[in-house]
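Dear colleague,

I am passing this structure on to you, and below it you will find my notes on what turned up when I went through it. Please read them with the structure open beside you.

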Amino acid sequence: MNAVEVVERLGSEQEAVRKLAAFKLQSYISDPPIADAFVASGGVKPLRALALTSTGNTLAYSLTSLSKLLDVDRGWDGIDATLLDRIMCLVIKEPLVNILRPALSVLVCVVGHGGGRGQGHGMIRTNGFLEAIVNRLRSADHVLCANSLMLINALTRDALDAKNMSGASKTNSHSHSKEWEGFVQELRRLGVQRAVSALMQHAPTPDLLLAPLQDFQSLTLTLLHSWSRIRVDPSHLSILDGIWTESGLNVISGAKWTKLGFATEFPLGEFAFLGREEEKSECGCGWLGLSDLEGFVGRDRAGFRKLLLEQLAKPEQLRCPLARASITVTNLLYAHFSLSAPDRSLHPKMESPFSPRGSTMTLSTPYDNGLCPLLLSWGSLHHASLLAFFRLWAESHATIADFDRVKDLVEVLLSTVMSAPDTKDKGMKEVERELFEFEYRLLRRLQLEGLEGIRERTWEGPVKDLTEKIRREAWTFVRWQRIKCLGRGEWFPIEDGGKRGKKWRFVKLEEEKTWKCLHIGEFDTKDDTKPNLDMLPEKVDLSLAGEITSAIKSPTSTQSNTSTLKSRPRSSSIANALKLPPTTIPQIVVKAQSPNARTPLLILNPQTLHSHAEWLDGLLIALGRDPVCAETEGMVSVLVSTGVKVRLMELRNEGEGVKVTGVVGEIRREGVGVGFHYGDPM
C-alpha cells in the first residue's frame, strides 16, 4: 500500500474516492511499518476529519482504521475532546451496528491508554452515555456486545485507578471515592450485572465474548475483595442509622443495636476484617458486609421489619440475630467464591487486587469457560441465603448456642445448590427457590456424607485415632448389650421328632458377673410374662461348655449343615445365614467339653435370625470368646460411623491447635435398653 497515495485520497473532494481509500486503509493499518508510514505522511489529520464529518460506510471505515491505528499505539495526536464528543454522540444516538462497533473500539483504546489518569471521567458524566453502553449489551450482534463490554471494563478500571491514585496522594480522595461509588451504583441501576449474566448463560459462549466476560468477572471479584477490606468507620454511621430507622424499633433501656442482631452496642467493630492470617475465621468483611446488610433491608423493607419483630417476640435464647446472620452469610459467600487475595508467592507476576489494571483474579467454577453468572447476582444471593439461614434456624429449633451449627448447614446448602454441574443454566429465581425449599433432612444427610472426606484430608491422623477409640467403646457397648439380652431371657420352641411342637423352653442367664450359669424351664404354653428364676429348675453350667455350633436345618430335610464356631474368625461369621430363605430354621448347639458326652448341653431354636445372632454371640461373649455374627458387626459399624460424625460435627475450626481425640467422651449406658437410638443432635 502506498501511504502517500492513500493520504491524498482520504483528503479528496469526491466522496467515492474518500470511501474507497478508507475501506482499503482498514485492511493494512494494523501493520506497524505501514502505520508508521501513514503517520509520517500526515495521514492522521485527514482520517480525523473523516471521523468528524463523514457518514454511513465512510464513517464506519474511517473509525475502524482509527481504532486499528490506536491499537498499534500510533495516531494519538489526532485524539482530542472534539473527536471524543463526536464518537460519544454516535454511541448514544447511532443505530447502525457497523458504525457502533468501531466507535466503541476507539473509546476502549482511549480509556485504556489513560494510564490511570481518569480519561473516562468525562465519558461517565455524559448524559445517556452509560445507559447507551449497557443497552448495547442486549444487542443480537456479538461483536457489538463484546466491544460494549470491553468499554465498560475499561471505564471501571480507569475509575478505580483514579480513585486509588487520589487515595494514595491524599488529594481529593473523598470526591473521587464518591464519584467512584456513584459510577458503580449507576451501573447497577442500569442492570449491567443482569445483562452480563445473560451473556454468560448464552450457550455456547462465542470466543469473541469469552475474554471480555472473563475480564468483567475478574473485575467483579477484585471489587468485592477490595470492598471487603474497606474499614467500616464512623463515616458509615449514617448507613447504620438508616437501617435502624427502617426497623421501626425504639430504644429501650439503652438497647439499640443488639435488637438488630449485633452482639454489642458498638456495631462498627463487628464489620472488621481480620486479615490474611485469619481469613478462615469469622470476620465482618468490612464495607462489603455492611453493604450486604443495607441491601437486604432495602430489598424488602416490610419483610425486614416482619423478620425482626418475629425474632424479638421469641425468648432471647431462641432468637436468630439478624445482623450477625447477615455478616455470616457474607462470609460464606466470600469463602464460596474464594475472594481471598491470590497468593503472590504462587503467582509472582500477579498484581495487587487493589490495582485492577492487569489483575488476573480468577474463579474456580465447574464450567469449562470459567464463568459463573451467579457471582454477578451477589445481592440477590445474599438476600436468599440469609432467608435460608432463618428457615434452617426455625426448622432445626436452634438456640443461640447452635448458631455455628446452622452456619455449617447454610455452608453445605450453598455448596450444594451453587456447585452443581447445571448451575450455569439456572436463573437466579431458580436458585432462590432451591435455597428456600431444600429439605432440611436431606441437607443434614449431605452434611454427614461430607464429613467422611475429612478422614482423608486435614484430620486424617486424629480422625483415625478417634475412630479406633469409638470402635473400642462400641465393641464394649455391644458386648454388654448381648449379655443383657441373655439376662432378660427368651422363649424357644422345643423340637419333637424333628418338628417344633407346642412346648416351650425359657432360658435365662443368671444375673451375676460370672455369667456361667443358664437357668432353664419347660412350659406347655408361652406366656407374655417372663418367668422368674424360681420357676426355672434346670441349670446349665457354661464352664462345662466346649464348642458352640450354629446348625441350619431345613424343615423338609433331616440333614443339618453344622459349622463349628469355636475358632471361626469374625470375618467369616454367619453372614450367609442372614441371606437364607425364610424356610430355614437356625439352631444353636452348645456341646460339652467332655469327649465322652453323647448329648449336647443345650439346643436352642431361635424364632428369628435376630434372636439367633443375639444368643449365639451372647453365649460366645459369656464364654470369653469373640462374637461372630454379621448383625453384631453391623451394629458396631453403625455406632462407629455415627459416633465419628457426631463428634466431628461438634468440633469448630479453631486453628491448628485442635486435637480431635480430646473431645471424645465416655459412652453412657445408664438406662439404655435394646431399643436405644441416636437422636438428631440438632
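A good place to begin is helix 1 (residues 3-10), whose buried residues are covered by elements that include helix 2 (15-28), helix 3 (32-40) and helix 4 (44-53). Please keep in mind throughout that this is a predicted model. The buried residues of helix 1 in question are A3, V6, V7 and L10. They cover an arc of only 100 degrees around the axis, and therefore they sit on the same side of helix 1. The N-terminal end of this helix is capped by N2, which has a side-chain oxygen 3.1 Å from the backbone nitrogen of V4.

To place that helix in the whole, the protein has a secondary structure of 24 helices and 8 strands. Of its 682 residues, 47% are buried. The area that the protein exposes is about 34100 Å², with carbon and sulfur atoms supplying 51% of it. If one takes the contacts between residues at least 6 apart in sequence, 68% of them join residues that are at least 24 apart.

Two single residues in other helices may also be worth a look. The residue T64 belongs to helix 5 (residues 56-71). Its relative accessibility is 18%, and because buried means under 20% relative accessible area, T64 counts as buried. Leaving aside residues up to four places away in sequence, T64 touches Q26 and P102. The other residue, A159, is found in helix 10 (residues 142-169), and A159 is likewise buried, its relative accessible area being 15%. Although A159 and H121 are 38 residues apart along the chain, their C-alpha atoms are separated by 7.0 Å.

Finally, I would draw your attention to a pair of strands later in the sequence. Strand 3 (residues 517-523) has 5 of its 7 residues buried, and so the rest of the structure largely encloses it. With which sense does strand 3 pair with strand 4 (residues 538-541), and over how many bridges? The pairing is antiparallel, and it runs over 4 bridges. Within this pairing, L518 has V540 in strand 4 as its bridge partner, which gives you a specific place at which to look when you have the two strands on the screen.

With best wishes

Terms used
Residues numbered from 1 in each chain as written. Predicted model: local features only at pLDDT ≥ 70, side-chain atom pairs only at ≥ 80, totals over all residues. Heavy atoms only, no water. Buried < 20%, exposed > 50% of the residue type's maximum accessible area, 1.4 Å probe, protein only. Contact = heavy atoms within 4.5 Å. Pairing = 2+ DSSP bridges. Areas by Shrake-Rupley, 256 points an atom, 1.4 Å probe, with all protein chains shown as cover. Arc of directions from axis to C-beta. Polar contact = N/O pair within 3.5 Å; in protein donor to acceptor, adjacent residues only side chain to side chain.
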